[in-house]
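Visitor: Please take one part of this molecule and look at it closely. I would like to know what lies around it, and then what the wider surroundings look like.

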Amino acid sequence: MLNKGITISIESKMNDHIGIYTKVTGDWRFQTSTLDADGKYLSAKFIRTLGEVALFEDNQSPTISRVRIQVRNQKPFIIFKYHDNLSGFNDEKFRMLIDNKLIIPEIEWENHKVWYQGDEKLERGTHSLKIVIADKTNNSNEINTTFRVR
């Protein structure tokens with residue numbers, strides 16, 4: 001057990017899509033992708049235990065799939081799934097907008113599902129939906145679509 005912890009710094013000569021990972025029960029878990037002020041080192045502090053540590057490059061953007069939009073009583077219900085192959089979903093960079101207005105959806109972490117139930121009626125006509133997601137190494141994906149309210 002590491003009483004006060006230990007900080008590991010790894011020099012990075014790769015691009016900005018890298019991160020420090022630790023192996024936990026057979027799976028690699030993301031720790032950090034933040035470079036120091038000079039842009040040379042990635043550092044992570046370990047407090048409990050120290051096991052296998054690795055530096056991985058993640059160049060794949062997260063995916064957005066199964067986007068469904070339903071409108072009932074002029075209120076939108078939007079649901080979709082997301083997936084990321086390595087570093088994981090970055091909720092701080094997630095944005096969902098209807099007609100360029102930010103909306104706040106629910107996120108089901110275990111099922112990789114996002115849903116939004118509008119509580120205000122939308123005007124009849126065509127509306128835009130924009131979904132922007134990113135992973136923890138700043139790979140991003142965006143979907144723009146429209147839907148009609150009758």
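Guide: Start with N90. Leaving aside neighbours within four places in sequence, N90 is in contact with A134, D135 and K136 (contact means heavy atoms within 4.5 Å). The model is a predicted one, in which local features need pLDDT of at least 70 and side-chain atom pairs count only at pLDDT 80 or more, while totals for chains, interfaces and linings use all residues. Residues are numbered from 1 along each chain as its sequence is written, and side-chain values use heavy atoms, with hydrogens and water left out.

N90 sits in the loop between β7 and β8. The strand names come from DSSP runs of E, at least two residues long, numbered from the N terminus. N90 counts as buried because its relative accessibility is 12%; buried means under 20% relative accessible area, exposed over 50%, and partly exposed in between, with a 1.4 Å probe and protein chains only.

Two other loop residues can be set beside N90. N73, in the loop between β6 (63–72) and β7 (75–83), counts as exposed because its relative accessibility is 64%. The phi angle of N73 is near 55 degrees, a positive value in a residue other than glycine. H112, in the loop between β10 (106–108) and β11 (113–117), is partly exposed, with a relative accessible area of 35%. H112 is not a glycine either, and its phi is positive at about 55 degrees.

Now to the strands. An open sheet is formed by four strands in the order β9-β8-β12-β13, with antiparallel pairing. Its edge strands, β9 (101–102) and β13 (140–149), each pair on one side only; two strands pair if DSSP finds at least two bridges between them. Strand β12 (residues 125–134) is joined to β13 by 10 bridges, and the two run antiparallel. Along this pair, I131 stands opposite I143 in β13.

I131 also appears in the list for F94. Again leaving aside neighbours within four places in sequence, F94 is in contact with F80, F89, P105, I107, V114, I131, V132 and I133. The largest nonpolar core has 17 residues, and F80, F94, M96, I98, L129, I131 and I133 have the most contacts inside it. At least two residues of this core come from each of β7, β8 (95–98), β11, β12 and β13. A second, separate core has six residues, including I8, I20, A44 and F46. A nonpolar core here is a set of buried Ala, Val, Leu, Ile, Met, Phe, Trp, Tyr and Cys residues joined through side-chain atoms within 4.5 Å. In soluble globular proteins, nonpolar side chains tend to be buried together.

A44 and F46 lead to β4, where the side chains alternate. L42, A44 and F46 point to one face and are buried, whereas Y41, S43 and K45 point to the other face and are not. Strand β1 (residues 6–11) is joined to β4 by six bridges, and these strands run antiparallel. S9 stands opposite S43 in β4.

After β4 (41–46), the loop that runs to β5 (53–57) holds L50. L50 counts as partly exposed because its relative accessibility is 42%. L50 and G5 are 45 residues apart in sequence, and their C-alpha atoms are 9.1 Å apart in space.
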